[in-house]
Amino acid sequence: MSASPLITRTVPTLRRAVDNLRKRKATIALVPTMGALHDGHVSLVRLAKRRASRVVVSIFVNPTQFAPTEDFGNYPRTWKADIAKLAAEDVDIVWHPGIAAMYPEGFVTRIVPEGPALAGLEDRFRPHFFGGVATVVGKLFTQVRPDFAIFGEKDFQQLRVVTQMARDLDLGVKVVGSRTVRERDGLAMSSRNVYLSPEERQTAAVLYRAMKDSADRIRAGEAVASAMRRGAATIEAAGFALDYYEARHAETLAPVTSRKDGPLRILVAAKLGTTRLIDNIAV
């Protein structure tokens, strides 16, 4: 039976634990999460174990990336199940701070990212989001001081923002993207999928099918704008309220008009009932 990971709740305790690993010449990979772990998170942990000799997983539901209208209070929290999953994967340390440990009284400093954080995708609908993400991830990087940090590609704009931040601020961590893990019907695994009704869950797979069809059409030579219009129409006809459905440059997230503009990524955000889903695929 796998041993439970060391659970740390204060920065000094975390740093002592990390220092003990460093004394043994360990390389360290960090997997930042907000808990409610599923197979997608497990895949991040397994990639972390391939990249480094020791793995730290953070579990912190970050209030600064939620708007007042969003679901911070209702965000799923499954602590016992999460620890069981991490123990089964032989994770070394779990960093589980409270809000006061991350944002103590008097905390006033924020990271305000630009570049990919202002691409007109998630930032158009959640203008608070990437400032909250960049600030908490910046803190996680300085607290854990990992060699590698593993992020899922499902949150693709976030991956680009964090990668740029780590590079710009010389944080000494290599940000590694991990392929999206999907259900058998193509729906990207997400902690928010539990909010879908059974009927909505069946419909949700339309997002992946529409993206795949658009990507296939673009690869076959159809104009990007035409292929994207078809995909958007398919998504809306299924009952989604579409926030965006766009083809962007895979590195800069700049708008594109042709496949010749560079490596492309299709990105989507849409609401089904009360649940907002995001996803993306490479072209």
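What follows is a short exchange about strands, a helix crossover and a pocket in a predicted model.

Colleague: How do you know that strand β5 and strand β6 pair?

Modeller: Pairing needs at least two bridges. Residues 148–152 of β5 and residues 174–178 of β6 share five bridges in the parallel sense, so the two strands count as paired. Within this pair, F151 stands opposite G177 of β6.

Colleague: What makes the unit of β5, helix α7 and β6 right-handed?

Modeller: Helix α7 covers residues 156–168 and joins with β5 and β6 in a β-α-β unit. With the strands pointing away from the viewer, the path from the first strand over the helix to the second runs clockwise, and therefore the crossover is called right-handed.

Colleague: Why are β7 and β9 called edge strands?

Modeller: The open sheet has three strands in the order β7-β8-β9, with antiparallel pairing. β7 (241–249) and β9 (275–282) each pair on one side only, which means they are the edges. From one strand to the next, the twist averages 10°.

Colleague: How do you know that β8 and β9 pair?

Modeller: Eight bridges link β8 (residues 264–272) to β9 in the antiparallel sense, and at least two are required, so they pair. One of the bridges sets V268 against D279 in β9.

Colleague: What makes one residue in the lining of the second largest pocket charged?

Modeller: The lining includes E183, H38 and M189. Glu counts as charged, so E183 is the charged residue. The rest of the lining divides into four nonpolar and five polar residues. This pocket holds about 160 Å³ of space.

Key. Residues are numbered from 1 along each chain as its sequence is written. This is a predicted model: local features need pLDDT of at least 70, side-chain atom pairs count only at pLDDT 80 or more; totals for chains, interfaces and linings use all residues. Side-chain values use heavy atoms; hydrogens and water are left out. Helices (H or I, at least four residues) and strands (E, at least two) are DSSP runs, numbered from the N terminus. On a 1 Å grid over the protein atoms alone, a cavity is a set of points where a 1.4 Å probe fits but cannot get out, and a pocket is an open set with protein on both sides within 12 Å along at least five of seven lines; lining residues have an atom within 4 Å of a point. Grid points are joined across faces, edges and corners, and a volume is the space filled by probe spheres set on the points. Axes are lines fitted to C-alpha atoms, for helices over the stretch in contact, and angles run from 0 to 180 degrees between N-to-C directions.
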